[in-house]
Amino acid sequence: MVGKDTLPVRLSLMLRPLRPVTFPRFILSQTHRRLYQQRLRKMDISPEVTQREEYKIFSSHIANSDSTETTLEQFSKYTNSSLSNDKLETHLRETWNSILHIASQKPHSSEQQDSLVKLLQALVTQADPLNDSNGKAVEIDGSKVWQDLPLFGQQVRECWNFPDDQEVDTKTRDTWINVNAFIARLTATAVNEHGGARQEYGALDFSLYGIWSLRSALEEELSNLPGKTTIDASVGAAAVWILYAGPALKGLSESEKSFSGKVAKPGFNCKDKEWRGYTKDRWQLWTENLAQTEDMVQDGGIKELVKKAVETMNS
């Protein structure tokens with residue numbers, strides 16, 4: 001959980017979650033619930049963020065097909081000015097917010113999403129280490145800049161919310177699917193098809209989030225969701241995890257990757273299971289249930305996503 005020092009500039013998608021599950025159901029006072037629902041009414045980019053220098057740098061990278069080297073050079077100059085002004089943490093949070101929100105507005109199958117993934121990979125492996133005035137490597141909470149992408153995981157966690165207690169519009173649906181696709185793409189760079197970790201990209205491993213999205217769509221009762229577009233969003237999010245990280249997730253299932261505690265526990269319809277992560281039988285259940293969700297999906301494009309995802313799981 002991010003502390004009180006989070007940025008004053010916040011996109012409506014970047015909301016503070018109360019517990020580590022996708023599609024959270026909150027227990028709130030009537031006043032807090034009303035405020036919360038007001039914040040969730042739309043999931044789009046606020047005008048303030050587009051004015052940030054970080055956002056402009058990454059938007060230019062996407063819009064103008066700037067080379068990775070050019071973007072990293074421009075970004076490094078701005079980072080150094082942030083370091084000298086003692087505003088590094090704010091800069092990092094704005095950086096990650098900008099990348100996540102740009103990704104959320106780009107179609108899940110777009111080259112722009114792929115370009116952002118490659119840019120993050122380059123930050124990890126190609127960007128010059130950030131040193132302070134004494135030549136010492138700069139770290140935040142023990143994470144090196146840029147190798148460990150400090151605070152990136154926190155910012156991803158903050159955006160991992162979806163208003164499943166109300167019917168959503170198609171823009172909110174698409175934004176949620178795009179965010180899931182982007183994080184799935186990142187995970188596919190960090191985990192190989194055998195479930196093994198690519199150590200240099202450890203900061204991009206969000207495989208736990210894959211369980212959360214697949215659990216929400218395939219281990220819970222979809223008919224309990226408030227409307228067809230919300231159902232489409234849930235199923236579509238699960239489908240893009242398979243489309244963009246399927247081999248990695250299958251490898252994790254084969255190797256029985258587990259997580260501590262109950263963060264990866266089964267959904268309500270599978271509450272008798274002892275799952276604490278990826279397993280072979282969980283993967284099999286996902287395969288069977290995903291095929292069955294097609295009849296509950298109303299959008300033709302998402303139906304196609306489901307079909308392709310099922311083919312991927314059966315291949």
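In the predicted model, the side chains of Asp174 and Arg173 meet in a salt bridge, with an N to O distance of 2.8 Å. Asp174 is partly exposed, because its relative accessible area is 32% and the partly exposed class runs between the 20% and 50% limits. Arg173, in contrast, is buried, with a relative accessible area of 9%. In total, the structure holds twelve salt bridges. Side chains of opposite charge can pair when their charged atoms come close.

A further salt bridge is formed by the side chains of Arg282 and Glu219, again at 2.8 Å from N to O. This pair links distant parts of the chain: Arg282 belongs to helix α11 (residues 280-293), while Glu219 sits in the loop between α9 (207-218) and α10 (228-254), and the two are 63 residues apart. Both Arg282 and Glu219 are buried.

Salt bridges also join Arg52, Glu54 and Glu94 into a network. Within it, the side chains of Glu54 and Arg52 meet at 3.3 Å, N to O. Glu54 is found in helix α3 (residues 53-63). Its relative accessible area is 0%, so Glu54 counts as buried. Arg52 has a relative accessible area of 23% and is therefore partly exposed. Glu54 and Glu94 are 40 residues apart along the chain, yet their C-alpha atoms are separated by 6.7 Å.

The secondary structure of the protein comprises twelve helices and two strands. Read from the N terminus, the order of elements is α-α-α-α-α-α-β-β-α-α-α-α-α-α. The protein has 315 residues, of which buried residues make up 52%. The largest nonpolar core contains 86 residues, and the members that touch the most others are Trp96, Leu120, Phe152, Trp160, Phe182 and Ile183. Helix α10 gives the most to this core, with 13 residues.

Two of the helices, α5 and α10, were compared with the span expected of a straight helix. Helix α5 covers residues 88-105, and its 18 residues should span 26 Å at 1.5 Å a residue; the end C-alpha atoms are 26 Å apart, so the two values agree. Helix α5 is also mostly covered, with 15 of its 18 residues buried.

For α10, a straight helix of 27 residues would span 39 Å at 1.5 Å a residue, but the end C-alpha atoms of α10 span only 33 Å. A kink of about 90° lies in α10 at Ala245, shortly before the proline Pro247. Of the 27 residues of α10, 21 are buried, so the helix is largely enclosed by the rest of the structure. Just after α10, Glu256 takes a positive phi of about 55°.

A polar contact also involves a tyrosine, Tyr244, whose side chain meets the side chain of His108 at 2.7 Å. His108 is found in the loop between α5 and α6 (111-125). With a relative accessible area of 17%, His108 falls under the 20% limit and is therefore buried.

Several loops hold backbone features of note. In the loop between α3 and α4 (68-84), Ser65 has a phi near 55°, a positive value in a residue other than glycine. Ser65 is exposed, because its relative accessible area of 63% is over 50%. The loop between β2 and α7 contains Leu151, which has a positive phi of about 75° although it is not a glycine. Unlike an exposed residue, Leu151 counts as buried, at 7% relative accessibility. Trp146 lies in this loop too, between β2 (143-144) and α7 (152-159). A cis peptide bond joins Val145 and Trp146, with omega about 15°.

The count of disulfides comes to zero. Among the cysteines, Cys159 is buried, with a relative accessible area of 1%. Cys270 likewise counts as buried, at 4% relative accessibility.

Conventions: Residues numbered from 1 in each chain as written. Predicted model: local features only at pLDDT ≥ 70, side-chain atom pairs only at ≥ 80, totals over all residues. Heavy atoms only, no water. Helix = DSSP H or I, 4+ residues; strand = E, 2+ residues; numbered from the N terminus. Expected span 1.5 Å × (residues − 1). Buried < 20%, exposed > 50% of the residue type's maximum accessible area, 1.4 Å probe, protein only. Salt bridge = Lys/Arg side-chain N within 4 Å of Asp/Glu carboxyl O. Core = buried A, V, L, I, M, F, W, Y, C linked by side-chain atoms within 4.5 Å. Disulfide = S-S within 2.5 Å. Bend = angle between axes of the 7 residues up to and from the residue. Polar contact = N/O pair within 3.5 Å; in protein donor to acceptor, adjacent residues only side chain to side chain.
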